[in-house]
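Biologist: Hey, could you walk me through this structure? I'd like to start with the cysteines and then get to the fold.

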Amino acid sequence: MPLRVYIEDTDAGGIVYYVNYLKYMERARSEWLRQHGFTQRELLAAGIQLVVHRLDCRYAKPARLDDDLSVTVAVESSGRCRLRFAQSVMRDGEPLCEAQVDIACVDATRLKPIPWPPALAAVLNG
């Protein structure tokens, strides 16, 4: 997923504030879902919420104001109600930030783990 760094993404020195990398990754995961025929809104309407269960992130180099970046998303592993994404924020193919993000599928009301909906499970196991 391509994106550009705007002033709102940076600190006073023009460097991307660390938490914004996580926002970029969240957007990329949402777009990954959309590319596979699912939206967060539809999942919520069905009583399903996807939540970050664990995050392991490594920052290597800073992104700066006006940089053109890309964010990658790949399913690394999946289980009955969890999955792990491997994600990178890159500039010109060079990783700036890399993360493993564990996502849990939960009942939106009880916030307890539930199995993936069959259609989404088919994508994850496909």
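Cysteines, core and sheet

Modeller: Sure. Let's begin with C97: at 0% relative accessibility, C97 counts as buried. Keep in mind that this is a predicted model.

Biologist: OK, how many disulfides turn up in the whole structure?

Modeller: Zero, after searching the whole structure. C57 is in no disulfide, and the nearest cysteine sulfur, that of C97, is 3.4 Å away. Going the other way, C97 is in no disulfide either, with the sulfur of C57 as the nearest cysteine sulfur, at 3.4 Å.

Biologist: Why doesn't the C57 and C97 pair count?

Modeller: A disulfide here needs the two cysteine sulfur atoms within 2.5 Å, and the sulfur of C97 is 3.4 Å away from that of C57, so C57 is in no disulfide.

Biologist: And is C57 buried, exposed or partly exposed?

Modeller: C57 is partly exposed, with a relative accessible area of 25%.

Biologist: Switching topic: which residues touch the most other members of the largest nonpolar core?

Modeller: Those are Y24, L50, L69, V89 and W116, in a core of 30 residues. Two or more residues each come from α1, β2 (48-59), β3 (68-78), β4 (82-91), β5 (94-107) and α3 (118-125). In soluble globular proteins, nonpolar side chains tend to be buried together.

Biologist: Take L50 then. What is L50 in contact with, leaving aside its neighbours within four places in sequence?

Modeller: L50 is in contact with L33, L43, I103, A104, C105 and W116. W116 is also listed with L50 among the residues that touch the most other core members.

Biologist: Now the sheet. What's the strand order?

Modeller: β1-β3-β4-β5-β2, an open sheet of five strands with antiparallel pairing. The edge strands are β1 (2-4) and β2, each pairing on one side only. On average, neighbouring strands are turned by 30° against each other, direction ignored.

Biologist: How many bridges join β3 and β4?

Modeller: Eight, and the pairing is antiparallel. To pick a spot, S70 has M90 in β4 as its bridge partner.

Biologist: Last one, N20. Where does N20 sit, and is N20 buried or exposed?

Modeller: N20 lies in helix α1 (residues 18-35). N20 counts as buried, at 6% relative accessibility.

Biologist: What does N20 contact, apart from its neighbours within four places in sequence?

Modeller: N20 is in contact with E8 and D9.

Terms used: Residues numbered from 1 in each chain as written. Predicted model: local features only at pLDDT ≥ 70, side-chain atom pairs only at ≥ 80, totals over all residues. Heavy atoms only, no water. Buried < 20%, exposed > 50% of the residue type's maximum accessible area, 1.4 Å probe, protein only. Helix = DSSP H or I, 4+ residues; strand = E, 2+ residues; numbered from the N terminus. Contact = heavy atoms within 4.5 Å. Core = buried A, V, L, I, M, F, W, Y, C linked by side-chain atoms within 4.5 Å. Pairing = 2+ DSSP bridges. Axes fitted to C-alpha atoms, helices over the stretch in contact; angles between N-to-C directions.
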